[in-house]
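Me: I would like to go through this structure with you. Could we begin with the chain contact and then turn to the fold?

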Amino acid sequence: MATSFKDALNSGKFVVTSEIGPPKGTNVDKMCHHIDLLKDKVDGLNVTDHQSSVMRFPSLGGCLLIKERDCEPILQMTCRDRNRLALQAELLLAYTRGIRNVLCLTGDAIPVGDHKEAKEVFDLDSAQLLSAIRQLESGKDLGGNDLDGAVQFCAGAIVTPEARPIEPQLIKFDKKVEAGAEFFQTQAIYDLDNFSKFMQYARQFPVKVLAGIVLLVSARMAKYMTENIPGIFVPQNLIDELAGAPKGEALNKGIEIAGQMIADLKKNSICDGVHIMAIGREEVVPDILAAAGLSAG
Amino acid sequence: MKSITKQKALEEIEEQMEGLERVCIIGCGTCATMTRTGGREEVLDMKERLEGVGKMVTGWTVIPTACDEMTEIALRQNNGAIQIANCILVMSCALGVHRVVSYIDKPVIPALDTLFIGVEDSPGNFREVCAQCGQCLLGETAGICPITACHKGLVNGPCGGTNNGKCEVDKEKDCAWALIYQRLEKQGRLNLMRRYQPPRNFQVTPRPRITAIL
């Protein structure tokens, strides 16, 4: 990969990132296959950090594999499992291994995951983690001590444009910008009018916004997400479209919907790019890009 | 203020009493009575249950407030029953257990788990309102504690898990930050929510926390 993610963000091009879900175990074959499949088609690849509080191979490990395979990793860091010492130490390690992009998240709560009796940390929150990165860049740690060698990261955060109510989210968004976020990946969006309204707000700030595109694979999944995943609302017309697809064709319909959304976002210059989350269907990300009319590379 | 407790399962109490056949039971007339976990009725019920599994109850008492220093006098009044017992079963919150431990050398076994410090919203319904963190933020959060009322204890606003004003962990529970937002908005003080809160100081004093009021 010739261009860094930060350069891509600043180039004015429509940026495309995607996401790799690491394995539960040590068999990284599938993850490596997904990296190889996507590395020349995207500007950066995120690796999730125990997504939904389910213990997996770590984000940092996945990012190192991405780096080895000559692609641009985006390290996801949640505040759920590490206190400020561990978070800072991991940032130091990541930097020495060539990782230059960090996505700061609060992290899902432990009770939604598969280790329900574990201790939650949340020593820092996402805004404080962003601030910690900027502090490490200044050559000092959070204790105010001098570092022998600082870091430099392109740091980002997430935002939920379809959260209801939206106002508290926007205040948090402002605080993340103030704390040093350069880019935002959004929670899945499906309502482009609503997202455009959010973008009008976000455009006041000097940050890049990548719209979250979550692939819909069936009407059931779309309904489930709307009912159960905070901040995700799939409009009824899309659910109907998926339900109306011929047997075995729902996935293709989902690819078409995702592709169309990306094409619309790009055509109308609504945001700076997209972050595609195929959640277990990484294989079809190239098909989504093709449906969006985005050529490889 | 109430110390909210729940009774341990009899099996767990029995396990802790293994080899200790004679027991004196101590209840508490304050919080554990109000929560119906260690008042007179529950002490008598426990007596019956322990006798049912073959233990000998040498005596029982309900101390007015098990955590205060008058406990020493109450224990002295029950000295006979305590002397012949192998162990003491305390049906109060952990504060009362600590108090009893400080006066008696025999094994002291807690019959209750201490859950939280709470207020009673309606008879029998208790809610945690303070985590005793040592740095009160209530003045900046419209009187709603984000340390206690937010599952993650976030101080800079809601996480992405907030949904229609509810919490991702429990759809029945309000998102603390949705409540804080609503109240601050009503008060015209949303600027307080916009203020960046730095990482919390978890070392207000090293544990155990001790204070002397002069």
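Me: How many residues does each chain bring to the contact?
Reply: In this predicted model, chain A contributes 31 residues and chain B contributes 25 residues.

Me: Which helices of chain A each supply at least two residues of that side?
Reply: On the side of chain A that touches chain B, H5 and helix H6 (167–179) each do so. The largest share comes from H6(A), with 9 residues.

Me: What is the make-up of that side by class?
Reply: The side of chain A that touches chain B has 14 nonpolar residues, 11 charged residues and 6 polar residues.

Me: Now the fold. In what order do the strands of chain A close into a barrel, and is the pairing parallel or antiparallel?
Reply: The 8 strands follow the order S1-S2-S3-S4-S5-S6-S7-S8, and their pairing is parallel. On average, neighbouring strands of this sheet are turned by 25° against each other, direction ignored.

Me: Let us take S6 and S7 of chain A. Over how many bridges do they pair?
Reply: Strand S6 (residues 183–188) and strand S7 (residues 208–214) of chain A pair over 4 bridges, in the parallel sense. Within this pair, A:Phe184 stands opposite A:Val209 in S7(A).

Me: And the helices: which strands does H3 touch?
Reply: Helix H3 (residues 59–68) of chain A packs on the sheet and touches S1 (15–20), S2 (44–47) and S3 (73–78). Its direction makes about 175° with that of S3(A).

Me: Where does H5 lie?
Reply: Helix H5 (residues 126–137) of chain A lies across S3, S4 (101–105) and S5 (154–159) of chain A. H5 runs at about 150° to S4(A).

Key:
Residues numbered from 1 in each chain as written. Chains lettered and ligands numbered in written order. Predicted model: local features only at pLDDT ≥ 70, side-chain atom pairs only at ≥ 80, totals over all residues. Pairing = 2+ DSSP bridges. Axes fitted to C-alpha atoms, helices over the stretch in contact; angles between N-to-C directions. Contact = placed C-beta atoms within 7 Å. Nonpolar A, V, L, I, M, F, W, Y, C, P; charged D, E, K, R; others polar.
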